[in-house]
Amino acid sequence: MKNKFYDYIVQLQDKITAKLEEVDGSAVFKEDLWKRAEGGGGRTRVIENGAVFEKGGVNISAVHGALPESMQNYFGVKDADFFACGLSLVIHPKNPMVPTVHANWRYFEMYDKQGNVVDQWFGGGQDLTPYYLFDEDAKHFHTVCKNACDKHDPSFYPTYKKRCDQYFWNSHRNEARGVGGLFYDYLKTTEKMSIEDWYNFEIEVGNSFLEAYVPIVERRKELPYTQEQRDWQEIRRGRYVEFNLVHDKGTLFGLKTNGRIESILMSLPPHVQWRYDHHPEKGSEEERLIKVLAQPKEWA
């Protein structure tokens, strides 16, 4: 399974970066191959200063070795080895009318000292973070997510949509990071779902990503914007940074497993503002976004 899924994320990275380069029309992804001293490595691809995308990364990694003590405590195991691979992406467009997007698809195995697989699971999802809220964009993104889920189980979309709203919640701000999407973790073998079934679901979601995001970019990338709207985008990006550094499990896992810092922090935007006690004007589009983020909506 680990080889099968790794082969999948390799080709998915190629597919996504090629399409995003086409959409940008100017910049290309730079590739950076790296190795982890304890075992494994990855292929980082970053795009910067494009016509459409100010900064973005589409990274794959496959790491293995002894599970660090901090993670052994987290999982409640001793002397375990692990293998983890996945694709993680974050795209920060230049135009504030185009939303930021994040996605991640990952697979994890844990072994005893004899090398036997004692646990295995899939995790992942995709979510949208707009700076100006176009309802039809949020509906489109969620509809694609729902369609991918419904092919496997009609209960998946409402379950994983709710988990996304709960996970991407900036509790210290009492607001959502964005308008959500899907989030799931620890998808293990059950009576209803084999690990092969979960693999098929995982790649269904992965294959839906470009359909979910690219039409939104195409609709919004040429819209005019003001410096004030750009400032708002950078203020909201600050909340994005706060979530990733304070709450995000993937960031924390990477840091605790001696991951590659440049790849882990690739998700951070290049230009951000933190203004003291900032509040948008009453009745503005900026305030409308804030109200939606305070109370997650049903979009599909």
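## A walk through the salt bridges, the sheet and its helix

The structure holds 31 salt bridges. Keep in mind as you look around that this is a predicted model. A few of these bridges make good starting points, and from there we can move on to the sheet and the helix that packs on it.

Let us begin with Glu31 and Arg45, whose side chains meet in a salt bridge with a distance of 2.9 Å from N to O. Glu31 belongs to strand β1 (residues 30-35) and Arg45 to strand β2 (residues 40-48), so this pair ties together parts that lie 14 residues apart in sequence. How do the two partners sit, buried or exposed? Glu31 counts as partly exposed because its relative accessibility is 45%, while Arg45, at 12%, counts as buried.

A second pair to find is Asp137 with Arg219, where the salt bridge has an N to O distance of 2.8 Å. Here distant parts of the chain are linked: Asp137 is in helix α3 (residues 135-150) and Arg219 is in helix α5 (residues 195-220), 82 residues apart. Asp137 is buried, with a relative accessible area of 4%, whereas Arg219 is partly exposed at 38% relative accessibility.

The third pair stays inside one helix. Arg230 forms a salt bridge with Glu234, and their closest N and O atoms are 3.1 Å apart. Both residues are in helix α6 (residues 227-246), and because they are four residues apart there, about one helical turn separates them. With relative accessibilities of 11% for Arg230 and 12% for Glu234, each falls under the 20% cut-off for buried. Elsewhere, salt bridges that share partners join Asp14, Glu31, Arg43 and Arg45 into one network, which brings us back to the Glu31 and Arg45 pair we met at the start.

Now turn to the sheet. Seven strands make up an open sheet with antiparallel pairing, in the order β1-β2-β3-β4-β5-β6-β9. Which strands form its edges? They are β1 and β9 (180-187), each of which pairs on one side only. From one strand to the next, the twist averages 5°.

For a closer look at one pairing, follow β2 and strand β3 (residues 53-66), which run antiparallel and pair over nine bridges. Within this part of the sheet, Ile47 stands opposite Gly56 in β3. Packing on the sheet is helix α1 (residues 2-24), which touches β2, β3, β4 (81-93), β5 (100-111) and β6 (117-129). The direction of α1 makes about 170° with that of β3.

Helix α1 itself deserves a stop on the tour. It has 23 residues and reaches 33 Å from its first C-alpha to its last, close to the 33 Å expected at 1.5 Å a residue. Which residues of α1 are buried? They are Phe5, Tyr8, Ile9, Leu12, Gln13, Ile16, Thr17, Leu20, Val23 and Asp24. The cover over these buried residues includes the strands β2, β3, β4, β5 and β6, together with helix α5. That is the helix in which we found Arg219, the partner of Asp137. Just after α1, our last stop, Gly25 takes a positive phi of about 75°.

Key:
Residues numbered from 1 in each chain as written. Predicted model: local features only at pLDDT ≥ 70, side-chain atom pairs only at ≥ 80, totals over all residues. Heavy atoms only, no water. Salt bridge = Lys/Arg side-chain N within 4 Å of Asp/Glu carboxyl O. Helix = DSSP H or I, 4+ residues; strand = E, 2+ residues; numbered from the N terminus. Buried < 20%, exposed > 50% of the residue type's maximum accessible area, 1.4 Å probe, protein only. Pairing = 2+ DSSP bridges. Axes fitted to C-alpha atoms, helices over the stretch in contact; angles between N-to-C directions. Contact = heavy atoms within 4.5 Å. Expected span 1.5 Å × (residues − 1).
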